[in-house]
Each structure stands twice: as C-alpha cells, then as structure tokens.
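User: Here is a structure I would like to go through by question and answer. Please keep each answer short and end it on the item asked for.

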Amino acid sequence: MDNGLLFNLKSLSQWMNLSSKKEVVQNLHKLGIPFVELTNGEVVTLYSALERGFQKNAMEEAEELIRMDEVLKLTKACRASINNYVTHGSFPPKIQLGPRKVAWRKAEVLQWIEGKRDW
C-alpha cells in the first residue's frame with residue numbers, strides 16, 4: 001500500500017494547504033481517492049481508515065449504509081422526490097462514498113419514514 005495515500009482530514013488539509021472540510025472533500029473527488037465520512041464527522045481515506053485500524057468501525061458503518069435503490073424501496077417515493085427532499089433539507093443527509101456514489105444511513109431513513117425526526 002502506498003503510504004502517500006494515507007491521509008486523515010488534518011494531514012490532508014496540511015498537505016494540500018486547504019482550510020475547510022469542504023475543500024478537502026472536493027479535492028479527494030478530483031483526485032479520485034476513495035474516502036468515507038465517519039459518524040463523528042471525521043473524513044478519512046479508505047486507505048487511512050484501514051491503516052489506522054478503523055476496519056471494524058468502517059465495516060459497521062458500511063453495513064448501515066443504503067444506496068438510492070434501497071431508499072426508494074423503503075420510502076416508496078420516486079428518485080426525483082428523494083432528491084427534492086435532500087435539496088430542501090427535509091430528508092436525512094446523503095453520505096458521499098465517491099465522486100458519483102452516495103448512500104444514506106439506514107437508521108436515519110427509517111426514522112424519517114416513521115416521522116420521528118425532521119431534517
């Protein structure tokens with residue numbers, strides 16, 4: 001594994017001279033480096049997560065993530081409606097898994113369905 005790809009948010013910010021989490025995420029997208037945002041808000045590359053021993057946490061979070069097809073089945077809504085809800089902040093936030101790959105936390109989607117939480 002190339003140690004040049006092992007970054008957490010702090011080291012990546014320093015290396016790329018970036019000041020915000022948003023800039024880091026945008027640059028990870030541009031570089032095509034896979035990353036994940038953990039439930040504590042930390043952004044880490046998948047390589048870094050594995051190297052730092054987050055395998056268990058990353059795997060547990062990955063098991064709880066669902067893609068759009070599953071969201072559509074659970075909510076019985078159409079894709080356009082889900083995208084509209086996300087845009088207006090009335091649906092749980094999506095998690096960026098890669099440049100063109102998003103998912104949602106299943107528990108949050110289920111809470112939204114049950115009307116127990118507003119976003």
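User: In which sense do strand 4 and strand 5 pair, and over how many bridges?

Analyst: In this predicted model, strand 4 and strand 5 form a hairpin with two residues between them. Among the bridge partners, Ile-95 is matched with Ala-103 of strand 5, and Gly-98 with Lys-101 of strand 5. The pairing is antiparallel, and the number of bridges is three.

User: Which residue of strand 5 is the bridge partner of Ile-66?

Analyst: Strand 3 and strand 5 (residues 101–105) run antiparallel and are joined by two bridges. One of the partners in strand 5 is Arg-105, which is matched with Leu-65. For Ile-66, the partner in strand 5 is Trp-104.

User: Which strands stand at the edges of the open sheet?

Analyst: The open sheet has three strands with antiparallel pairing, in the order 3-5-4. An edge strand here has a single partner strand, so one side of it is left without a neighbour in the sheet. The strands in that position are strand 3 (65–66) and strand 4 (95–98).

User: Are helix 5 and helix 7 roughly parallel or roughly antiparallel to each other?

Analyst: Helix 5 (residues 68–75) and helix 7 (residues 106–114) pack with their axes 10 Å apart, at an angle of about 25 degrees. Angles under 35 degrees count as roughly parallel. Helix 5 and helix 7 are therefore roughly parallel.

User: How many nonpolar residues does the contact of helix 5 with helix 7 have?

Analyst: Helix 5 passes helix 7 in a right-handed crossing. Helix 5 contributes Val-71, Leu-74 and Thr-75 to the contact, and helix 7 contributes Lys-106, Val-109, Leu-110, Trp-112 and Ile-113. By class, one residue of this contact is polar and one is charged, while the number of nonpolar residues is six.

User: What is the phi of Lys-76?

Analyst: Most residues other than glycine have a negative phi. Lys-76 is not a glycine, yet its phi is positive. The value is about 60 degrees.

User: Is Lys-76 buried or exposed?

Analyst: Lys-76 lies in the loop between helix 5 and helix 6 (79–87). Its relative accessible area is 74%, and the cut-off for exposed is over 50%. Lys-76 is therefore exposed.

User: What pattern does the chain follow when read along the sequence?

Analyst: The chain has seven helices and five strands. Written with α and β along the sequence, the pattern is α-α-β-β-α-α-β-α-α-β-β-α.

User: What share of the residues in the chain is buried?

Analyst: The chain has 119 residues. A residue counts as buried under 20% relative accessible area. Buried residues make up 31%.

User: Of the contacts with a separation of 6 or more, what share comes from residues 24 or more positions apart?

Analyst: The share is taken over the contacts in the chain with a separation of 6 or more. Residues 24 or more positions apart account for 42%.

Definitions and conventions: Residues numbered from 1 in each chain as written. Predicted model: local features only at pLDDT ≥ 70, side-chain atom pairs only at ≥ 80, totals over all residues. Heavy atoms only, no water. Axes fitted to C-alpha atoms, helices over the stretch in contact; angles between N-to-C directions. Helix = DSSP H or I, 4+ residues; strand = E, 2+ residues; numbered from the N terminus. Parallel < 35°, antiparallel > 145°, perpendicular 65-115°, else oblique. Left-handed = near helix turned anticlockwise from the far one by under 90°. Contact = heavy atoms within 4.5 Å. Nonpolar A, V, L, I, M, F, W, Y, C, P; charged D, E, K, R; others polar. Pairing = 2+ DSSP bridges. Buried < 20%, exposed > 50% of the residue type's maximum accessible area, 1.4 Å probe, protein only.
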